[in-house]
Amino acid sequence: MLFSSVTFLYWFLPAVVLLYYCVPRPRGSLLGRNLLLFVASVVFYAWGEPLYIVIMLSQACVGWLSGLLIERFRARPAAKALLVASVVVELSALLVFKYTDFFVANLNALLHTELGLLALALPLGISFYTFQILSYTIDLYRNKVRVQRNPLYFATYVTLFPQLVAGPIVRYAHIEAQLTGRRHSLVGFASGVRRFCVGLGKKVLIANTLGSLVSVAQDNVTAGTLVAPDGAVLPMGEQSLLFAALFLVAFSFQIYFDFSGYSDMALGLGRIFGFEFPENFNYPLAARSLTDFWRRWHMSMSSWFRDYVYIPLGGNRVGVLRHTTNILIVWMVTGLWHGAGWNFVCWGLFMAAFLIAEKHFLGRVLARAPAALAHLYLFVLVALSWILFESPDLGAAGATVLALVGAGSAGIAGPVSWYYLCSYAVVLVIAAVGCTSLPARCIAGITARAGRPGRLVRAVAEPLMLGALLVIVTAFVVDGSFNPFIYFRF
Amino acid sequence: MSARNHTTPAGRPDGIEHLRIGLTLAVFVLVVGGFALLGLLMPRQALIASERRAPAELPEISQDAVLSARFMHGFEGYAADGFPLREALRTARAAFVLDVFMLGDKDGLYEHDGSMGRFEPLDAAAVLRAADGIERMNAMLTENVAELRLFCAVVPDKSIYEPRGYPGFDPELAKRLLAARLPGLTHIDLSASLGAGDYYRTDLHWNQAALADGSIGAPGALEALSAALGCDERLDRSFTEHYAGEFAGVYPGQLALPVAPEALVYCTNPVIDAATASYLDPQAATFVEGPLYSLSGAAGRDPYDLFLCGAQPVVRLDNPLATTDRELLVFRDSFASSLAPLLLSGYKRVTLVDLRYIDYRLVPEHIELKPGTDVLFLYSSQTLNDPSVLHAG
C-alpha cells in the first residue's frame with residue numbers, strides 16, 4: 001500500500017489510528033496496541049504483496065529464534081555459530097530474490113551457458129527489513145541490546161508499517177525500549193501529523209511532478225535512433241545537452257523529495273503511534289562535499305554499513321591500502337544493495353573514488369574553496385552519479401553522457417527540451433530552495449523576531465496551511481497522478 | 001520541527017503551543033475524518049459525466065483476487081472514483097498545476113486562451129506499425145480490384161498550431177515515414193491547410209463548420225483534400241449552417257477545468273439533404289438506413305456523435321444528385337465523420353470503414369469496390385500513435 005493513495009489516507013490510516021487509540025492499556029501494557037500494529041502492518045504489506053508476507057514473517061521468525069538461541073548460548077562458541085547461521089539465512093533470502101538473476105546472467109555471459117533466470121519479483125522492502133533483523137541479531141550478539149522473548153513484540157518491530165517498505169532502517173536498539181514503554185501524547189501526535197503532511201507534500205507535489213519531467217527527459221536522451229524505410233537514420237527523441245541536464249537535475253530533486261518525503265511520513269506516522277525513529281535526511285543536497293553528503297543522505301543506511309561492514313573490516317584504523325580497500329568494498333556493497341546490476345556497482349565505486357579523493361586531498365581543497373563552489377561541486381557530482389544509478393543499462397548511461405557533452409543528435413538544445421525547461425522552471429526553483437534549510441530557517445527567524453504575536457500567527461497559520469496541503473495532496477492523489485516510491489524497488 | 005520548542009518551566013506546552021497542537025489535530029481530523037466519513041455516507045455516482053465513463057466498481061472479493069492482489073489494485077480505482085468532491089478536487093489539482101506550478105500542461109493536457117488540447121509526441125515505431133496495417137489493407141484491396149487510386153492523409157493534432165510550442169505530433173515526420181513505407185500511395189499534406197481555428201476549442205476534432213468555410217485556413221483542408229482527390233470541381237460548396245446545441249468536448253472533463261461551451265454546428269447543402277446514409281449492422285450483416293446527422297447523438301454523452309451517428313464500422317453515403325459515377329472509400333477514424341458529408345457532392349457514393357470496429361479481413365464482405373475508386377486512408381495523429389486500436393492485422 002502506498003502512503004500517497006486514497007486507500008491508505010482515507011481508509012487504512014483513519015481506521016488504524018481510531019482502533020489503536022481505542023485499545024486499552026491495562027497497567028500500561030502495550031501488548032494490545034502492539035498486536036493491533038502488527039495486524040495492521042501485515043494488512044498493509046499484504047495489500048501490495050499478499051504472498052510475500054510469508055517470506056517476511058519467516059525471516060522475522062528466524063531472527064527471533066536466532067535471538068533466543070544466541071542468548072541461550074551466550075559466551076559460548078555456539079553463539080557465534082548461531083549468529084553466522086542467522087546472518088547467512090537472512091541474507092540468503094535477499095540473495096535469492098534480489099541477486100540470483102544477476103549472478104546467473106553474469107555466469108551465462110562468462111561461461112557462455114544458458115542457465116534459466118528465476119525472474120522472481122522482489123519482495124517489497126526486503127532490503128530494509130532484512131537489515132533491521134540483522135541489526136537485532138548482531139547487536140544482541142555484541143550485547144548491545146537485550147533479547148526479545150515476546151514474538152509479537154519482535155514481529156511488530158520487523159513489520160512496523162510506517163517504515164516497513166522504504167526505511168528508515170530502524171535498528172532494534174533504537175526502539176527496544178519504545179516497544180514496551182513508549183509515551184503517547186497529543187504533542188507527539190500533532191508533531192507526527194505535521195511531519196507526515198510535510199512528507200506527503202514533498203512526495204506528491206514535488207517528487208511526482210518532477211518525475212514526469214525525469215521520465216520525458218530520460219526517454220528523449222536515451223531514445224536511440226530509427227532507420228526509416230527510406231534508409232534515413234532518425235533520432236527517436238531530442239538528444240540534447242539541455243535535456244540531459246534537465247534529466248539529471250530533476251532526478252536529483254525527485255529522488256531527494258521522494259525518499260526524504262517518505263522518511264518524513266515514516267517518522268510522522270511513528271510519532272502518531274508513539275514511536276521516535278531516527279532521522280534519515282539532513283538537507284544532503286546542501287552539503288559541501290561528498291563526505292558531508294553521505295553524513296546527511298539516507299543516514300540510517302550509511303550508518304548501518306559503517307557499523308556492520310566498514311568498522312568490522314577495520315575501518316580507518318588500518319594502513320592506507322587496507323583502508324582504501326575497505327572503502328571500496330563498502331561502497332561496492334552499498335551499490336549492490338541499491339540494485340543487482342553493474343551500473344549500481346559502478347555507481348558505488350564512483351562514490352568511493354571521490355570519497356577517497358576527498359580523504360586524501362580534495363577535502364582540504366573544498367574546505368578552503370568558496371562555499372558556493374563547494375556546493376556546486378557536490379551538486380554536480382551527485383547529479384552526475386545518477387547517470388549510473390538511474391540508467392537501465394550502461395548503453396543508456398553512455399547515451400546520457402554523449403548528450404551531456406553536446407554530442408547528441410540535437411546538440412545543445414532543441415524545441416522540446418526548451419518547452420520543458422520553461423514549463424518546469426517554477427517547480428525546479430521551488431525544489432532547489434526546498435532542498436535547503438532556507439525555508440525552515442526563514443520561518444523560525446521570522447517567528448522568533450515577531451515574538452509572541454508571531455508565535456500566535458504561526459500557531460494558527462501552520463495548521464491551516466497543513467490542512468490546505470492535505471487537501472491539495474488529496475486532489476493530486478484522487479486525480480490519479482501518483483508514482484510508486486523510488487526506494488520501493490530497493 | 002520540534003514539538004517541544006515552547007514549554008512552560010514544568011516542561012509542558014504553553015498556551016500558544018496548546019493552540020497550535022489543538023488546531024493541528026482539529027484540521028487533521030476534519031480533513032481525513034471528514035473525507036473518510038463522506039466517502040462512506042455519500043451515494044456513488046452512476047456515471048462520471050466529465051470523463052464520459054462509469055466509475056470503477058468494487059472489485060470482486062475472492063481468494064484468487066486477493067492472493068493475486070487484483071482486488072487491492074481494483075480497490076484503489078474504486079476508492080478514487082467514488083471519492084467525495086472528486087470533481088472539485090480534480091479542478092483544484094488542475095488549477096494548482098497550471099497556475100501555481102505554472103506548468104505548460106497537466107499530463108500533456110493544456111489550456112491556453114480558452115482553447116484546450118492534449119499533445120503527444122510522434123511515436124515513430126507506432127506510425128510504422130500503422131503503415132504496415134494500411135499496407136495489409138491496401139494489398140487485400142488491390143489484389144481484387146485494379147486501377148484503384150490510393151491516397152493517404154494525416155490529420156494533425158491541433159496542439160501544433162498553438163503558439164506555445166507544445167512538443168506534439170510532427171506531421172512532417174509522419175508523412176515522411178508513411179511515404180517511405182507506403183510508396184504506392186499519394187500522400188496528401190493537410191498540415192499547411194489547417195489552423196487552430198479549424199478545430200473545436202474544447203475537443204480534439206476538427207470543426208465541420210470551419211472546414212466548410214474556406215475563409216478559415218489557407219487554402220483550407222477541404223480544398224487541399226478535394227484537389228488531391230480530383231473532385232474539387234464537382235464539389236458543391238454552398239453550405240448552410242445549422243445549430244445543433246452546445247458542445248463541451250472531451251478536454252474540459254479530462255482537464256477538469258470549467259470552460260464556456262461552444263456551438264455545435266452542422267452543414268448541409270442540397271446534396272446532403274438528398275443523400276441517404278446506411279449503417280452496417282454487424283450482427284445482421286445488413287445495412288440499415290439512418291440519419292446523416294443524428295440530433296439525438298448530439299444530445300448524448302458525446303455530442304460529436306452528431307456526425308454519422310458516432311462509432312460505426314461501415315457507413316455508406318449515397319448521393320442521388322450525383323453527376324459522376326466516381327466513388328470514394330475512406331478508411332478512417334472519427335475525424336472523417338464530419339468531413340465525409342462535405343465531400344459527398346464530389347462522388348456518387350462515399351463508403352467509410354472504421355477498422356477500430358471491424359476486422360480488416362471482413363471488410364470486402366461489406367463493400368462494393370469498383371475499378372477506379374478513390375481510396376483514402378485518413379487517420380488522425382492519435383490513431384497513428386496507437387495503431388493497436390485498428391483491427392488491421
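How many salt bridges does the rule find across the interface of chain B and chain A? Five. Before I go on, keep in mind that what you're looking at is a predicted model.

Okay, let's stay with that interface for a bit. One of the bridges you can pull up on screen links R93(B) to D479(A), and its closest N and O atoms sit 2.9 Å apart. Beyond the salt bridges, there's the count of residue pairs in polar contact between chain B and chain A, and that comes to ten, with both residues at pLDDT 80 or more.

So who's doing the touching on the chain B side? The elements that each give two or more residues are α1 (15-41), α2 (63-67), α3 (70-81), α4 (86-100), α5 (124-144) and α6 (171-181) of chain B. The top contributor is α1(B), which puts in 15 residues. If you sort that side of chain B by residue type, you get 41 nonpolar, four polar and 13 charged.

And the totals? The contact draws 58 residues from chain B and 61 residues from chain A. People often quote the size of an interface as the accessible area lost when the parts come together. Here, chain B and chain A bury about 5600 Å² between them, and 74% of that is on carbon and sulfur atoms.

Right, let's move over to a strand in chain B. Is β9(B), residues 314-318, enclosed or open? Five of its five residues are buried, so the strand is largely enclosed by the rest of the structure. You can see it face by face: V314(B), R316(B) and D318(B) are buried on one side, and V315(B) and L317(B) are buried on the other. Yes, that list does include an arginine and an aspartate, namely R316(B) and D318(B).

Now the pairing. Strand β7 (residues 276-281) of chain B runs antiparallel to β9(B), with four bridges. With β11 (residues 349-353) of chain B, β9(B) is again antiparallel, and this time there are five bridges. If you want one residue to follow through the sheet, take D318(B): it is the bridge partner of T276(B), and in β11(B) its own partner is R349(B).

Next, a quick look at one side chain in chain A. N343(A) belongs to helix α13 (residues 342-368) of chain A. Its relative accessibility is 9%, so it counts as buried. What does its side chain find in there? A polar atom of the N343(A) side chain lies 3.0 Å from the backbone oxygen of S391(A). Setting aside neighbours within four places in sequence, N343(A) is in contact with L388(A), F389(A), S391(A) and L394(A).

Last thing, for anyone who likes checking backbone torsions. Most residues other than glycine have a negative phi. Which residues go the other way? D107(B) is one of them, with a positive phi of about 55°. You'll find D107(B) in the loop between α4 and β1 (109-112) of chain B, and at 44% relative accessibility it's partly exposed. Then there's C309(B), which isn't glycine either and has a phi near 60°. C309(B) is in the loop between α11 (295-298) and β9 of chain B, which takes us back to the strand we were just discussing. Its relative accessible area is 22%, so C309(B) is partly exposed, given that buried means under 20%.

That's my tour, thanks.

How values were computed:
Residues numbered from 1 in each chain as written. Chains lettered and ligands numbered in written order. Predicted model: local features only at pLDDT ≥ 70, side-chain atom pairs only at ≥ 80, totals over all residues. Heavy atoms only, no water. Buried < 20%, exposed > 50% of the residue type's maximum accessible area, 1.4 Å probe, protein only. Pairing = 2+ DSSP bridges. Contact = heavy atoms within 4.5 Å. Buried area = accessible area lost by both parts, 1.4 Å probe. Salt bridge = Lys/Arg side-chain N within 4 Å of Asp/Glu carboxyl O. Polar contact = N/O pair within 3.5 Å; in protein donor to acceptor, adjacent residues only side chain to side chain. Nonpolar A, V, L, I, M, F, W, Y, C, P; charged D, E, K, R; others polar.
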